[in-house]
Amino acid sequence: MDIHTHSVILDKDECIGCTNCIKKCPTEAIRVKDGKAKIIKNRCIDCGECIRICPQRAKKSISDPISCIHNYKYKIALPAPTLLAQFDNTVTPRQILGALKLIGFDHVYEVSRGADVVSNFTREYIKNANITPLISSSCPAIVRLIRIRFPSLIDNLIPIESPMEVAAKLARQKAKEETGLSDEDIGVFFISPCPAKVSAVKNPLGLLKSNVNNVISIENIYPLIKEKLDEVSDDIPEFYDSGKAIGWARSGGETFSLNIENYLCVDGIDHVIKVLDAIENENLKDIDFVECLACVNGCVGGPLTVENPFIARNKIRKISNEYDVQKEIKLKQRVDEFLYSKEIVPENVRKLDDNILKAMKKMEQIDMIYKLLPNLDCGACGSPSCRALAEDIVLGYSDLDDCMVLFRDKVNCFLKKHHMVLNGEDNSAEDEEFKNSGYE
């Protein structure tokens with residue numbers, strides 16, 4: 001599979017080229033050209049910010065259809081804790097799990113089980129670490145953000161598989177033991193609140209291959225669960241009532257489950273970038289652990305959810321408090337079986353040329369063009385900033401006329417010169433101004 005295959009896509013038929021998305025993208029992965037947006041694949045981190053901001057709903061996320069479960073003999077649902085917060089208070093977690101079985105799943109294995117395992121491992125890792133602060137790797141959008149914008153912080157990432165991957169591995173092993181089926185016959189399906197998790201399965205970082213087969217969005221499976229709630233009988237699946245693990249769905253939940261003192265929690269991609277800047281500048285050396293989540297309020301704020309994120313966060317808080325425990329899962333596997341199996345390497349999205357001399361020349365050209373630009377970062381040119389436009393011009397994607405401010409000045413200068421010629425006036429000063437403007 002193409003390593004730059006993403007869950008977030010653009011529907012060009014719906015796009016009106018409004019430039020809202022380019023201003024919100026944290027990695028400058030979007031341009032607007034010829035009246036349509038374009039996503040630069042190697043820059044996209046699938047955070048879903050463009051999905052939220054697009055007034056035309058032209059940005060979408062691709063996930064797998066529910067029908068994909070029929071490709072396997074044994075089907076395991078892997079619901080994220082966020083799913084429990086999508087229904088009103090009259091619906092119990094056990095009813096939700098029971099409805100999943102009525103939809104067609106043979107077994108339900110909550111991701112919160114994996115969260116408890118990761119919490120246990122993380123506590124031990126923090127004790128023995130020689131790098132501070134350590135950064136949680138549970139949010140795949142943040143891992144991709146660091147890989148692109150903050151590559152110097154890759155070593156700060158805790159190299160432990162996410163709760164989704166750990167739960168998938170444990171669920172698959174249990175199914176193989178109980179059914180005698182092979183890996184090919186067992187399908188593990190993560191029920192996701194965000195597009196970054198979809199991409200984490202299709203193109204995992206830190207892993208050779210994901211333990212999950214397919215990803216179904218919460219927004220797609222929600223109506224199917226709701227239809228089945230009234231049919232759920234008393235014979236419903238066992239509910240994993242570990243409140244601290246369920247609390248991972250909201251910002252601060254992971255840190256709370258670690259029971260550590262010297263930490264920092266931050267949610268919302270803009271706030272995360274500021275904190276990562278501070279870490280990169282060595283301004284947070286006194287912090288042991290940083291929990292970073294791309295979505296405001298955490299996973300409950302994911303773009304593929306249906307409930308208001310603030311209401312969902314409150315629901316998760318109540319469920320977490322109701323089952324205020326943390327469980328120890330006895331594992332047959334060794335701890336190192338849940339560590340990254342593949343190195344995360346930086347993604348150099350600002351590479352100007354393979355030839356270092358040519359790259360340096362292009363950098364000089366970018367600096368020169370940038371000085372000509374108005375430094376407004378208005379986005380009217382279709383690039384997210386004046387600096388980005390300067391890069392785009394040097395790389396041949398844009399030209400100076402794309403800057404509306406400079407183009408206006410160019411037109412005004414031309415009209416003034418033309419007016420003076422028609423009236424027989426001396427326009428030598430205007431000629432010199434035109435030459436110095438960089439337009440000639």
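# Reading the cores, sheets and helices

Author: Start at one residue, Ile76. Leaving aside neighbours within four places in sequence, Ile76 is in contact with Phe105, His107, Tyr109, Ala171, Arg172, Ala175, Ile186, Gly187, Val188 and Phe189. Keep in mind that this is a predicted model.

Reader: Which residues touch the most other members of the largest nonpolar core?

Author: The general idea first. In soluble globular proteins, nonpolar side chains tend to be buried together. Now the case here. The largest nonpolar core has 34 residues, and Ile76, Leu78, Tyr109, Phe190 and Val212 touch the most other members.

Reader: Which elements give two or more residues to this core?

Author: They are β5 (74–79), α4 (111–128), α6 (163–179), β8 and α7 (195–202). Helix α6 supplies the largest share, seven residues. Another core lies apart from this one. That second core has 33 residues, including Cys68, Ala85, Ile96 and Ile218.

Reader: Ile218 also belongs to α8. Which residues of α8 are buried?

Author: Helix α8 covers residues 218–228, and Ile218, Ile221, Tyr222 and Ile225 are buried. They span an arc of only 125° around the axis, so they sit on the same side of α8. The general idea is helix geometry. An α-helix has 3.6 residues a turn, so residues three or four places apart point the same way.

Reader: What do the buried residues of α8 pack against?

Author: Their partners are α3 (93–103), β8 (186–192) and β9 (214–217).

Reader: Those strands lead to a sheet. In what order do the four strands of the open sheet stand?

Author: Read a sheet by strand order, then by its edges. Here the order is β6-β5-β8-β9, with parallel pairing. The edges are β6 (107–108) and β9. Each has a single partner strand, so one side of each is left without a neighbour in the sheet.

Reader: How many bridges join β8 to β9?

Author: Four bridges join these parallel strands. For register, take one pair: Ser192 stands opposite Ser217 in β9.

Reader: Which strands does α6 touch as it packs on the sheet?

Author: Helix α6 touches β5, β6 and β8. Its direction makes about 150° with that of β5.

Reader: And where does α7 lie?

Author: Helix α7 lies across β8 and β9, at about 170° to β9. Next, check its burial. Seven of the eight residues of α7 are buried, which leaves the helix mostly covered. The buried ones are Pro195, Ala196, Lys197, Val198, Ser199, Ala200 and Val201.

Reader: Lys197 has contacts elsewhere too. Where does Ser162 lie, and what is it in contact with?

Author: Ser162 lies in the loop between α5 (140–149) and α6. Beyond its neighbours within four places in sequence, Ser162 is in contact with Val118, Ser138 and Lys197.

Reader: Does Ser162 count as buried or exposed?

Author: Compare its accessibility with the cut-off: buried means under 20%. Ser162 is at 12% relative accessibility, so it counts as buried.

Reader: Now the other sheet. What is the strand order in the open sheet of three strands?

Author: The order is β7-β11-β10, again read with parallel pairing. The edge strands are β7 (134–135) and β10, and each pairs on one side only. Two bridges join β7 to β11. Ile135 has Val290 in β11 as its bridge partner.

Reader: How many bridges join β10 to β11?

Author: Five bridges join β10 (residues 263–267) to β11 (residues 289–293), and the two run parallel. Tyr263 stands opposite Phe289 in β11. Then trace the connection. The chain passes from β10 through helix α11 (residues 269–280) to β11, and this β-α-β crossover is right-handed.

Reader: Back to α5. What is Arg147 in contact with?

Author: Arg147 sits in helix α5. At 14% relative accessibility, Arg147 counts as buried. Leaving aside neighbours within four places in sequence, its contacts are Ile154, Leu205, Ile344, Val345, Pro346 and Glu347. A distance helps here as well. The C-alpha atoms of Arg147 and Val349 are separated by 9.9 Å, yet these residues are 202 residues apart along the chain.

Reader: Zoom out. How many helices and strands does the protein have?

Author: It has 16 helices and eleven strands. The C-alpha trace spans about 95 × 50 × 40 Å along its principal axes. Of the 440 residues, 53% are buried. Among contacts between residues at least 6 apart in sequence, 77% join residues at least 24 apart.

Notes:
Residues are numbered from 1 along each chain as its sequence is written. This is a predicted model: local features need pLDDT of at least 70, side-chain atom pairs count only at pLDDT 80 or more; totals for chains, interfaces and linings use all residues. Side-chain values use heavy atoms; hydrogens and water are left out. Buried means under 20% relative accessible area, exposed over 50%, partly exposed in between (1.4 Å probe, protein chains only). The arc is that of the directions from the helix axis to the C-beta atoms. Contact means heavy atoms within 4.5 Å. A nonpolar core is a set of buried Ala, Val, Leu, Ile, Met, Phe, Trp, Tyr and Cys residues joined through side-chain atoms within 4.5 Å. Two strands pair if DSSP finds at least two bridges between them. Axes are lines fitted to C-alpha atoms, for helices over the stretch in contact, and angles run from 0 to 180 degrees between N-to-C directions. A crossover is right-handed if, with the strands pointing away from the viewer, the path from the first strand over the helix to the second runs clockwise.
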